[in-house]
Amino acid sequence: MRSLNVWQALTRSGYLLSGWPWRAAGYLLSSTPVGIVVLLAIVLGVTVGSALAVVLIGLPLLALLALSGLPVAAVERRRLRLVDRRPAPTPHRVPDEPGLLAWGRTRFREQATWRELGYTLAFATVLWPLDLLALGTALVVPAGLVATPALMATVGDGEEAPVLKMWTATSWPEAFAVAVAGLLLFALSGYVIGAVAVARAELTRLLIAPLETDLGEKVTELVRSRVRLVDAFEAERRRIERDLHDGAQQRIVALTMTLGLARLDAPPGALADQLAKAHDEAGKALAELRELIQGIHPKVLADFGVGAAVADAADRSVVPVDVSVDLARRLPEAVEAAAYFVVCEALANVAKHSGARRAEVVGRHADGWLVFEVRDDGCGGADVERGSGLTGLADRVSVLDGRLTLSSPAGGPTLLRVEIPCEPTERSVWSWPRTACCSVKD
């Protein structure tokens, strides 16, 4: 089985005969030139930036210094391939907008940018010297032992030879024994170099190439994706409503008019009866289509806002409903749609299950929250968890960081409250009266 990194190779036989010890040594050795270049660049940037900061010219240089971790991290992610074949993707996300300003704003707000800057400073000052020290120690010590016979022949005139300047070999058997120990130590050094390379690679991956992105960034992106899905869903609802209103409904209207004219022109008899029946069925189909369009995305919601749409829904309710909505301006479309459909579902439940004689809808926008409350004097006992139809709407409200609460003790009354954070948009004030009260049905 092919090893993906040095760590896997270390745990398997044949490590010393593979290319991984050489790759590990190359990884540690290549830290030196890269680290020296990075250190010189940082020193130069700090020097120039400090000298020019008094005239505010150094601020762009300091900004570049703060972003200096990006190219260093990119090089380090490529160097990781020497000892780790696993992917090392960039942790940076793509800016939401094109342009240098949006790119810079995104980078300065990311935690990954500052982690990479910290890694760059540590790499330039501490890590590459440690890499060089570990590699040098692992290679110089065995090499010094292996060279003992040669030193005895050249330096000690065959009588003695210094061994790593720590002791002296005074005979040829001792010198050759030290050399054999050096050869064995070379084999051990291969494992030491591999272990050090593993530690360095894991530290690098942890800081600049995490296998998992930051949890906070994942949550943020998840919330954004949910909002985008809601927006796309609302846009699709509006498209379907528009296509039905401008397409199928107009055709059925034309069909109804044609059948009506044919019915008037037809002589009394079986044909006239069939035309009358077809005319009635076309009228029923048109009525059902209009109800369907109204349920998908009512035109009054798009044209006049949630206040007018709620008043219109209350006016069509079979239970008398008092409506009081106080909104100064239009709200975001997703917020208006979510609030409207929650109120409609609540009124439908009132009509079907509560046995209420009267209901009330109150809506307002205050302190950055849109709040709607639906009350009824019915029998109570409603429960979101038992399939009241509000579970999906609660999920929809939660996408907008809102909350939906229900209080319905046995015997009533029932209170449904929906709260959605939002701010008014720049759209004009809706033409329906700001405080709308629908007429009470008796």
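Q: Which side chain meets R77 in a salt bridge in this model?
A: In this predicted model, the partner is found by following the side-chain nitrogen of R77 to an oxygen at 3.1 Å. R77 belongs to helix α4 and its partner to helix α6 (residues 111-146), so the pair ties together parts that are 39 residues apart in sequence. The residue that meets R77 in this way is E116.

Q: Are R77 and E116 buried or exposed?
A: The two residues are joined by a salt bridge, and the label depends on relative accessible area, for which buried means under 20%. For R77, and likewise for E116, the label is buried.

Q: How many salt bridges does a search of the whole structure find?
A: The pair R77 and E116 is one salt bridge, and E373, R375, R403, R417 and E419 are linked in a network of such bridges. When the whole structure is searched, the number of salt bridges found is 16.

Q: Which parts of the structure does the salt bridge of R358 and D322 tie together?
A: The side chains of R358 and D322 meet at 3.9 Å, N to O. Because R358 lies in the loop between α13 (333-354) and β4 (359-366), while D322 lies elsewhere, the pair ties together parts that are 36 residues apart in sequence. The part on the side of D322 is strand β3 (residues 321-326).

Q: What does D322 count as, given its relative accessibility?
A: Buried means under 20% relative accessible area and exposed means over 50%, with partly exposed in between. Since D322 has 28% relative accessibility, D322 counts as partly exposed.

Q: Why does S68 count as buried?
A: S68 has its place in the loop between α3 (58-66) and α4 (69-79), and, not counting residues up to four places away in sequence, S68 touches L117 and T120. The label buried applies under 20% relative accessible area. S68 therefore counts as buried, because its relative accessibility is 18%.

Q: Which residues is T256 in contact with, leaving aside its neighbours within four places in sequence?
A: T256 lies in helix α9 (residues 215-265), and T256 is buried, with a relative accessible area of 14%. Once the neighbours within four places are set aside, the residues in contact with T256 are H279, A282 and G283.

Q: What accessible area do L16, L188, Y191 and V192 have together?
A: L16 lies in the loop between α1 (6-10) and α2 (20-52), and at 35% relative accessibility L16 counts as partly exposed. Together with L188, Y191 and V192, L16 forms a nonpolar patch on the surface, whose accessible area is about 330 Å².

Note on methods:
Residues are numbered from 1 along each chain as its sequence is written. This is a predicted model: local features need pLDDT of at least 70, side-chain atom pairs count only at pLDDT 80 or more; totals for chains, interfaces and linings use all residues. Side-chain values use heavy atoms; hydrogens and water are left out. Patches are made of residues with over 30% relative accessible area and no salt bridge: like charges are joined within 9 Å, nonpolar side chains (Val, Leu, Ile, Met, Phe, Trp, Tyr) within 5 Å. Accessible areas come from the Shrake-Rupley method with a 1.4 Å probe; for residues, only the protein chains shown count as cover. A salt bridge is a side-chain nitrogen of Lys or Arg within 4 Å of a carboxyl oxygen of Asp or Glu. Helices (H or I, at least four residues) and strands (E, at least two) are DSSP runs, numbered from the N terminus. Buried means under 20% relative accessible area, exposed over 50%, partly exposed in between (1.4 Å probe, protein chains only). Contact means heavy atoms within 4.5 Å.
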